[in-house]
Amino acid sequence: SRPKEAKQNKNKIAYLYFLVYSFLVVAGTNYIFTVKLGRTNCKKGGVETLCAIHKDPKVARVIQCKITVWSKPWLNFLKVTENTCI
């Protein structure tokens, strides 16, 4: 879930780095990612592909997110089951 403010911001969001990666085999596989995201110097809709996180922490507003993806490759099935950011 993305805050309303994030949708209105004009800067692209990029991930800084993975904090945690794990997986759990169930009826398929749950891939669990914990990542840090922040605003970049690039503008949404721009053509830039390599965008650094903004140097000003007040602009970058780095957040941590946990994303869980459920995969059943034999069924061509992929679903995000959790997307929480703090």
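**View 1. A nonpolar surface patch of about 350 Å² is made by Tyr-21, Phe-23 and Val-25**. Patch members have over 30% relative accessible area and no salt bridge (nonpolar side chains, namely Val, Leu, Ile, Met, Phe, Trp and Tyr, are joined within 5 Å, like charges within 9 Å), a salt bridge being a Lys or Arg side-chain nitrogen within 4 Å of an Asp or Glu carboxyl oxygen. This is a predicted model, in which local features need pLDDT of at least 70 and side-chain atom pairs count only at pLDDT 80 or more, while totals for chains, interfaces and linings use all residues. Residues are numbered from 1 along each chain as its sequence is written, and side-chain values use heavy atoms, with hydrogens and water left out. Within the patch, Tyr-21 belongs to strand 1, which covers residues 11-26. With a relative accessible area of 46%, Tyr-21 is partly exposed, a class that lies between buried (under 20%) and exposed (over 50%), judged with a 1.4 Å probe and protein chains only.

**View 2. The protein chain as a whole holds two helices and four strands**. Helices (H or I, at least four residues) and strands (E, at least two) are DSSP runs numbered from the N terminus, and from that end on the elements follow the order α-β-β-α-β-β. The chain has 86 residues, of which 26% count as buried. Its accessible surface comes to about 6,400 Å², and 61% of that surface belongs to carbon and sulfur atoms; such areas come from the Shrake-Rupley method with a 1.4 Å probe, only the protein chains shown counting as cover for residues. Among contacts (heavy atoms within 4.5 Å) between residues at least 6 apart in sequence, 51% join residues at least 24 apart.

**View 3. Thr-29 of strand 2 is shown with the residues that it touches**. When residues up to four places away in sequence are not counted, Thr-29 touches Phe-23, Leu-24, Val-69, Trp-70 and Ser-71, and of these Phe-23 also takes part in the nonpolar patch of the opening view. Thr-29 counts as buried because its relative accessibility is 15%.

**View 4. Strand 3, residues 63-72, runs antiparallel to strand 2 and is joined to it by nine bridges**. Two strands pair if DSSP finds at least two bridges between them. Strand 3 is also joined to strand 4, residues 77-85, by eight bridges, and this pair too is antiparallel. Lys-66 can be followed across both pairings, since Thr-34 stands opposite this lysine of strand 3, and the bridge partner of Lys-66 in strand 4 is Thr-84.

**View 5. Strand 3 and strand 4 form a hairpin with four residues between them**. Lys-72 has Phe-77 as its bridge partner in strand 4. In the loop between the two strands lies Asn-76, whose phi is near 55°, a positive value in a residue other than glycine. Asn-76 counts as exposed because its relative accessibility is 76%.

**View 6. The structure holds one aromatic pair**. The pair is formed by Trp-70 and Phe-77, which meet edge-to-face, with 5.0 Å from centre to centre and 80° between the planes. Rings of Phe, Tyr and Trp (its six-membered ring) pair if their centres lie within 6.5 Å, and planes under 30 degrees apart count as stacked, over 60 as edge-to-face and the rest as tilted. Trp-70 is partly exposed at 24% relative accessibility, and Phe-77 is likewise partly exposed, with a relative accessible area of 28%.

**View 7. Two loop residues, Asp-56 and Arg-61, are found on either side of helix 2**. Asp-56 lies in the loop between strand 2 (28-43) and helix 2 (57-60), and with a relative accessible area of 32% this aspartate is partly exposed. The C-alpha atoms of Asp-56 and Arg-39 are separated by 9.7 Å, the two residues being 17 residues apart along the chain. Arg-61 is placed in the loop between helix 2 and strand 3, where its phi takes a positive value of about 45° although the residue is not a glycine. The relative accessible area of Arg-61 is 43%, so this arginine is partly exposed.
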